[in-house]
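Please find below a colleague's note on the nonpolar cores and aromatic pairs of the following entry.

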Amino acid sequence: MKLRNSLFALLAGSLFFVSCSSDDDNTPVASGAYANGTFVLNEGNSNPSSGTVSFIGNNGALEQDIYTAVNPDAPAIGTYLQSMFFSDDYAFIISGQANKITVVDRYTFEFVASIDTDFTNPRYGAVINGKAYVTNTNDYGLADDFLTVINLEDFSTTTVDLNNYAERVLAENGKLYIANGYYGSGTSVTVFNPANNTVDTVIELGDSPNSFDEQDGALYVMGDSKISRINLSNNTVSGTIELTEALAGAKNLTIQDGNIYFTVDTAVYSFSVNSNTLPIEAAFSYESNSAWGAMYGFNVYAGRIYIADGGDFSSDSEVYVYGSNGTLINTYDVGVGPNSFYFNN
């Protein structure tokens, strides 16, 4: 269950933010059964075959467990699927428990390779300059996380110590921005230089980041108590917006079409990226009966809002697609524990 998320949920009755990762960069014109639509990552549970990928085509049609359907004889992708990321024709599927990445063709979903070296609880990945960089949780209680560096020519791996917490990673302006925080531990963003595999600087925020996104040369970081704006030209905090008591627990910050979206419990909020005033009322909310999986996955793309509910993490659960005005467009039954959306267009 987003392994780190699930462990924390079981221990403390609270969920960390899902992967709201959307990566539609490096998308050349291509054809294939999965060239136009949305991948839904279903993390699964301890059942070895429960981690799957669903696909919602732009025509609204749903396909379940497309990896197995396309690759019946290929190695399993593992359980507790954490996240995906793209590079050119490849999609990389991270299995946190199996400590490996499965590489497929992003347009046909045909198996390409398995990468299973130099991982310890891999989390999120980003690509820059012909290499993929994957964050790893080395020890859940210590700030000793590291990066796995993957050479995309031969899928060989090396590691780089960060001596910090490492969760989400985003490539921008020739650098990697790494969120150093989870569950209140870690209070910064690392700027990592892939040209020499060293840390340029660590930007202190004063609270623990749980999600971030970039817009027009600024990185917007959702923390425990505020949203911080980092100027990427000089890597300094250029402004903050304090969260009100009513917005405690905000997560899933993502930016689309000039608006910042985030969630609190089962409610969705949005406001202009140019505003310094947070919304008072939610745009809309949805009903969830899940003990641990309410708003387990969230993303926004092309005027539509995608919500995944974790359900009971033992059976197939639901995805809801809303219009930007909060009108429910469609509901899909996907796999076990859907946690994130990736747009392949």
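The points below take up the basis of the note, then the cores, then the rings.

1. This is a predicted model, in which local features need pLDDT of at least 70 and side-chain atom pairs count only at pLDDT 80 or more, while totals for chains, interfaces and linings use all residues. Residues are numbered from 1 along each chain as its sequence is written, and side-chain values use heavy atoms, with hydrogens and water left out.

2. The largest nonpolar core (buried Ala, Val, Leu, Ile, Met, Phe, Trp, Tyr and Cys residues joined through side-chain atoms within 4.5 Å; buried meaning under 20% relative accessible area with a 1.4 Å probe, protein chains only) has 18 residues, and Phe262 and Leu278 have the most contacts inside it. Two or more residues each come from β17 (218-222), β20 (251-256), β21 (259-264) and β22 (267-272), strands being DSSP E runs of at least two residues. Apart from this core lies another, of 16 residues, including Phe39, Leu41, Phe55 and Met84.

3. There are 18 aromatic pairs, counted where ring centres of Phe, Tyr or Trp (its six-membered ring) lie within 6.5 Å. Tyr34 and Phe109 form one that is edge-to-face (planes over 60 degrees apart), at 6.1 Å centre to centre and 70° between the planes. Tyr34 lies in the loop between α1 (3-12) and β1 (37-42) and Phe109 in the loop between β6 (100-105) and β7 (111-115), so the pair ties together parts 75 residues apart in sequence; helices are DSSP H or I runs of at least four residues.

4. Tyr34 is buried, with a relative accessible area of 5%, and Phe109 is buried at 0%. Ring pairs link Tyr34, Phe39, Phe55, Phe86 and Phe109 into a cluster.

Key. Buried < 20%, exposed > 50% of the residue type's maximum accessible area, 1.4 Å probe, protein only. Phe/Tyr/Trp six-rings, centres within 6.5 Å; stacked < 30°, edge-to-face > 60°.
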